[in-house]
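Please work through the following exercises with the coordinates at hand. Each task is followed by a solution in steps.

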Amino acid sequence: MIDQRHNAPRRYFVDAQGRRVLIGLSLEETAEFEALDLSSNETAQFASEICVNDGTVAADEVRWLELYSKHEGAWRAWIAQSQAERAQDLSFVNYV
């Protein structure tokens with residue numbers, strides 16, 4: 001499901017302490033990612049102007065991308081594992 005701003009849904013899980021975190025990220029990393037994500041929406045035009053003017057990327061954008069990549073990798077691994085488990089469950093049901 002996509003929200004009204006056309007953003008893909010976030011992939012949160014509950015950690016061992018019962019806190020809602022993005023899969024693959026710690027509580028602190030989740031909070032940092034969310035803060036960077038919110039601030040990037042507010043400063044996107046300014047940051048793009050910086051990139052165009054001197055060819056560099058803001059440190060916040062680099063950190064956001066690092067956290068997003070870590071989360072995305074964990075999400076993809078979770079999806080692959082879930083699909084493999086589902087296929088195994090289905091093959092067992094068909095066997096019985």
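The exercises below concern a predicted model and treat confidence, aromatic pairs and one buried threonine.

**Exercise 1. Confidence**

Determine which element of the protein chain has the lowest mean pLDDT and which the highest.

*Solution.*
1. The protein chain has an average pLDDT of 78, and 66% of the residues score at least 70.
2. Among the elements, the lowest mean, 73, belongs to α1.
3. The highest mean, 94, belongs to strand β2 (residues 20-22).

**Exercise 2. A ring pair in helix α2**

Classify the geometry of the pair formed by tryptophan 64 and tyrosine 68, and state how each residue is exposed.

*Solution.*
1. The model contains 6 aromatic pairs.
2. For tryptophan 64 and tyrosine 68, the ring centres are 5.2 Å apart and the planes meet at 5 degrees.
3. Centres within 6.5 Å make a pair, and planes under 30 degrees apart count as stacked; this pair is therefore stacked.
4. Both residues belong to helix α2 (residues 59-95), and because they are 4 residues apart, about one helical turn separates them.
5. Tryptophan 64 has a relative accessible area of 25% and is partly exposed.
6. Tyrosine 68, at 30%, is partly exposed as well.

**Exercise 3. A second pair and its cluster**

Classify the pair of tryptophan 75 and tryptophan 78, decide whether each residue is buried or partly exposed, and name the cluster that holds them.

*Solution.*
1. The ring centres of tryptophan 75 and tryptophan 78 lie 5.3 Å apart, with planes at 25 degrees.
2. That angle is under 30 degrees, so the pair is stacked.
3. Both residues are in helix α2, 3 residues apart, or about one turn of the helix.
4. Buried means under 20% relative accessible area; tryptophan 75, with 19%, is therefore buried.
5. Tryptophan 78, with 34%, is partly exposed.
6. Together with Phe13, Trp75 and Trp78 form one aromatic cluster.

**Exercise 4. Surroundings of threonine 30**

Locate threonine 30, list its contacts beyond four places in sequence, and describe how arginine 20 is placed relative to tyrosine 12.

*Solution.*
1. Threonine 30 lies in helix α1 (residues 27-54).
2. Its relative accessibility is 2%, so threonine 30 counts as buried.
3. Leaving out residues up to four places away in sequence, threonine 30 touches Tyr12, Arg20, Val21, Leu22 and Leu25.
4. Two residues in that list, Tyr12 and Arg20, also interact with a charge-over-ring geometry: the charged end of arginine 20 sits over the ring of tyrosine 12, 3.7 Å from its centre.

Technical notes
Residues numbered from 1 in each chain as written. Predicted model: local features only at pLDDT ≥ 70, side-chain atom pairs only at ≥ 80, totals over all residues. Heavy atoms only, no water. Phe/Tyr/Trp six-rings, centres within 6.5 Å; stacked < 30°, edge-to-face > 60°. Helix = DSSP H or I, 4+ residues; strand = E, 2+ residues; numbered from the N terminus. Buried < 20%, exposed > 50% of the residue type's maximum accessible area, 1.4 Å probe, protein only. Lys NZ or Arg CZ within 6 Å of the ring centre and 35° of its normal. Contact = heavy atoms within 4.5 Å. pLDDT = per-residue confidence, 0-100.
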